[in-house]
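Q: Please take a close look at one part of this model, the inside of the protein, and explain what is packed there. I would also like to know how that part fits into the rest of the chain.

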Amino acid sequence: MTRRSEKKRLLVMLGGAHSLNHSLFVIAPPLLTIIMSDLGVSNFVMGTVGTVASFIYGAGSLLGGPLGDKIGETKIIASFLAFSGISTFLMFFASNIVIYALALVLIAVWASLYHPTANSLISKTFRKGTAEAMGLHGVGGTLGVMLTPTIAWFIGSYLGWQFAFILFGTFCIILATSFFKRIEKSEIKKVSNIKFLDVFKIPELRIILIFNITIGLFMKGVEYFFPTYLTEAKGIDPIWASIAFTLVLASGVPAQWFGGKTADLFGSKKVLIATSLGVVISLFTLQFLPIYLLGVALFIALYGISFYAHQPALNSLTGFLSPENMRGTVYGMFFFTSFGIGSISQSIAGYCADNYGLESAFYLLTIFALAALVISLMLPKKRLVK
């Protein structure tokens, strides 16, 4: 097999791993009523378990990145697939909320290692066309989010919700064997003493870190409240609101590839400025366009494309600005700030919605998006740090 064919095969495997990584966390939502009835718990209890698992999923990236730098990315990815897959089998014994929570937390622990490690491996393997490779990798994750809820609902409804988890866990274990086969003795790395503070010594990374936080602040809020905003603020039927949200997710499939391809052609900074502007315009059309259905349609297209197109551009730029021996650590920090710190926006937006209405919550999210646009103008251009 040629070097080029081997790289393509690796990217396909990573796309599958990325898909499964996200799939593991969208199995429960469509089956939530069945699970709660079976375990005899309330929405609050299930929500609390989900919150804990989500935090671990974000915080664990702070460990996954440095581990990839120290012992090899392929080993970490193979371990994530194998052990998260094995953890799903605990669901078969989940006769109470304690065992269910333990299984979900274990899945989150292992899954949290994936993103910084995979991004690091892609940036090192695809030195040319980095952003496009990042985009194709992102397509895999988006497909997982799109397709899994439907598959999980059918399996869970007819065979039992536990089997929905076990099905995807089995897929993880099968794919893990392919990654274990790729591990070579030469991949055993010498342990390096990398400190998180070293990341802040690179000025360009400090700017990107702030930019990433602002993205997380509007991203999580929009993601969480968009369907409810359509229903309560625009009077749209809940079914159509759900379809609208699905269309936003679906736009991520072509947008990931498009964002990566254009970043390679024109530079990541230009793409990030354009996508930041697109997000701001989309939020304005959603809230202020007099013909509200047209505003919703424009939002779906413009926000979906802009938000997902920014991801490969930002990931590739981050890789180019990070020394190779600490690249996983950098990606780990960035994933945590986006998914960890960014999750605060859900609480802030929720507080605004409860006290001042959903419109005020989206005003706030628009301000965060405007901040991201301003910071995008200060981003550095691509420069490889040796």
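**The core around Phe218**

A: In this predicted model, Phe218 touches Val279, Tyr303, Phe307, Leu365, Phe368, Ala369 and Ala372, leaving aside residues up to four places away in sequence. Phe218 and Leu230 are the residues with the most contacts inside the largest nonpolar core, which has 57 residues. The elements that give two or more residues to this core are helices H10 (203–233), H11 (238–250), H12 (252–266), H13 (268–288), H14 (292–320), H15 (327–339), H16 (344–356) and H17 (358–376). Of these, H10 gives the most, with 13 residues.

A second core, separate from this one, has 51 residues. Ile35, Met36, Ala82 and Phe179 are included in that second core.

Val296 is a useful residue to follow next. Val296 lies in helix H14. Its relative accessibility is 6%, so Val296 counts as buried, the cut-off being under 20%. Val296 touches Leu230, Ile236 and Leu286, again not counting residues up to four places away in sequence. Leu230 was named above as one of the two residues with the most contacts inside the largest core. The C-alpha atoms of Val296 and Lys234 are separated by 9.3 Å, although these two residues are 62 apart along the chain.

The chain as a whole gives the setting. It has 17 helices and zero strands. Of its 386 residues, 54% count as buried. Among contacts between residues at least 6 apart in sequence, 85% join residues at least 24 apart. A compact globule with 386 residues would have a radius of gyration near 21 Å, and the chain has 20 Å, so the two agree. Along its principal axes the C-alpha trace spans about 60 × 55 × 40 Å.

The surface can be set beside the core. The accessible surface of the chain comes to about 17300 Å², and 70% of that belongs to carbon and sulfur atoms. A nonpolar patch on the surface is formed by Phe92, Phe93, Trp153, Phe154, Tyr158, Leu159 and Phe163, with about 830 Å² of accessible area together. Helix H8 (residues 130–159) gives the most to the patch, with four residues. Trp153, a member of the patch, is placed in helix H8. Trp153 counts as partly exposed because its relative accessibility is 39%, whereas Val296 counts as buried at 6%.

Conventions. Residues are numbered from 1 along each chain as its sequence is written. This is a predicted model: local features need pLDDT of at least 70, side-chain atom pairs count only at pLDDT 80 or more; totals for chains, interfaces and linings use all residues. Side-chain values use heavy atoms; hydrogens and water are left out. A nonpolar core is a set of buried Ala, Val, Leu, Ile, Met, Phe, Trp, Tyr and Cys residues joined through side-chain atoms within 4.5 Å. Buried means under 20% relative accessible area, exposed over 50%, partly exposed in between (1.4 Å probe, protein chains only). Contact means heavy atoms within 4.5 Å. Patches are made of residues with over 30% relative accessible area and no salt bridge: like charges are joined within 9 Å, nonpolar side chains (Val, Leu, Ile, Met, Phe, Trp, Tyr) within 5 Å. Accessible areas come from the Shrake-Rupley method with a 1.4 Å probe; for residues, only the protein chains shown count as cover. A salt bridge is a side-chain nitrogen of Lys or Arg within 4 Å of a carboxyl oxygen of Asp or Glu. The radius of gyration is taken over C-alpha atoms; the globule rule is 2.2 Å times the number of residues to the power 0.38.
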